[in-house]
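Please open the structure in your viewer and keep the sequence panel beside it, since each stop on this tour begins with a selection.

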Amino acid sequence: MFQLMDSKPYSVPISLLRQFCFCPRIPFYQACMQIDVKYPVWVSQGVNEHDRYEMLSKRRNLNKFGLDTLQYNIRHNVYLHSEDLRMHGVCDSILSTDSDKYIVEFKLSDREKLNLAEKVQLTAYAIVAEEMYGLKIAKGFILIGKKGKTFIVDIDKGLRDKTLSIRDHVIDIVERGIMPNSAATEGKCCQCEYFNFCADRF
């Protein structure tokens, strides 16, 4: 059984919440077993500054965000952390207007809808940012593909509760050090870089 060597409470990297949504075993392999897999070159690990600029340049104002203002500021690669919430991570961007802040995430693969993992990741960033900045973040934005297709995410109670529940599951996996069961489909397993470590899958 894996044992945490550090006496400090475990802080969840927010990226692990997204990974948990794909398969609950990935946090175990990453945090407990510390297995560092090599991803194929075609697997995008993030959106670079040029891509972000291109995606944002498709809009000269915030109309596509549903915001009626010309005055705003956007910061990229913002580190967020909370000891109380036991989460940390680097969000793609924070958009600030005179009265509000919004989390903005970028995804290169073009598609017609968001998945739960992306919504959970954005919500986790928002929850931590709320504590750091002392204000309410009611929505965020996810820009998809080179054209920056805009999805508005309402950060409601249901999504907040789901995000914190997943955080608790990840903390439990890491602190207990026991590999969880997985209900991942064969299609997911075939995509997973940790597939060879699961002796009971397909």
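The tour goes from the whole chain to its core, and then to two helix pairs and a pair of residues.

**The whole chain**

Begin with the full chain in cartoon view, bearing in mind that this is a predicted model. The protein holds 6 helices and 6 strands, and if you trace them from the N terminus you should pass them in the order β-α-α-α-β-β-β-α-β-β-α-α. Of its 202 residues, 45% count as buried. Switch to a surface view and you are looking at an exposed area of about 11600 Å², of which carbon and sulfur atoms supply 51%. Among the contacts with a separation of 6 or more, 66% are between residues 24 or more positions apart.

**The largest nonpolar core**

Next, select Tyr10, Val12, Leu17, Leu80, Met87, Ile103 and Val170, which, in the largest nonpolar core of 47 residues, touch the most other members. Now colour the elements that each supply at least two residues of this core, namely α1, α2 (25-32), β2 (73-82), β3 (87-96), α4 (116-133), β5 (139-144), β6 (149-154) and α5. The largest share, 8 residues, comes from α4. A second, separate core of 8 residues can be picked out by selecting Tyr102, Val104, Phe106 and Leu143, which are among its members. In soluble globular proteins, nonpolar side chains tend to be buried together.

**Helix α1 and its cover**

Select residues 14-22, which form helix α1, and show the side chains of Ile14, Leu16, Leu17, Gln19 and Phe20, the residues of α1 that are buried. What covers these buried residues? The cover includes β1 (12-13), α2, β3, α4 and α5.

**α1 against α5**

Keep α1 and add α5, residues 157-176, to see the two helices pack at an angle of about 90° with their axes 10 Å apart. An angle of 65 to 115 degrees counts as roughly perpendicular, and α1 and α5 are therefore roughly perpendicular to each other. For the contact itself, show Leu16, Leu17, Phe20 and Cys21 of α1 together with Thr163, Ile166, Arg167, His169, Val170 and Ile173 of α5; these residues divide into 7 nonpolar, 2 polar and 1 charged.

**α4 against α5**

Leave α5 in place and exchange α1 for α4, whose axis comes within 9 Å of that of α5 and crosses it at roughly 90°. α4 and α5 are therefore, like the previous pair, roughly perpendicular to each other. Here the residues to show are Leu116, Lys119, Val120, Thr123, Ala124, Ile127 and Glu130 in α4, which meet Leu159, Arg160, Lys162, Thr163, Leu164 and Ile166 in α5. This contact divides into 7 nonpolar, 2 polar and 4 charged residues.

**Proline 27 and valine 170**

Finally, centre the view on proline 27, which lies in helix α2 and is buried, with a relative accessible area of 0%. How far apart are proline 27 and valine 170, in sequence and in space? They are separated by 143 residues in sequence and by 6.7 Å in space, C-alpha to C-alpha. Leaving aside residues up to four places away in sequence, proline 27 touches Leu16, Phe20, Cys32 and Val170, while valine 170, counted likewise, touches Tyr10, Val12, Leu16, Leu17, Phe20 and Pro27. To end, display both sets of neighbours together, with Leu16 and Phe20 appearing in each of them.

Key
Residues numbered from 1 in each chain as written. Predicted model: local features only at pLDDT ≥ 70, side-chain atom pairs only at ≥ 80, totals over all residues. Heavy atoms only, no water. Axes fitted to C-alpha atoms, helices over the stretch in contact; angles between N-to-C directions. Helix = DSSP H or I, 4+ residues; strand = E, 2+ residues; numbered from the N terminus. Parallel < 35°, antiparallel > 145°, perpendicular 65-115°, else oblique. Contact = heavy atoms within 4.5 Å. Nonpolar A, V, L, I, M, F, W, Y, C, P; charged D, E, K, R; others polar. Buried < 20%, exposed > 50% of the residue type's maximum accessible area, 1.4 Å probe, protein only. Areas by Shrake-Rupley, 256 points an atom, 1.4 Å probe, with all protein chains shown as cover. Core = buried A, V, L, I, M, F, W, Y, C linked by side-chain atoms within 4.5 Å.
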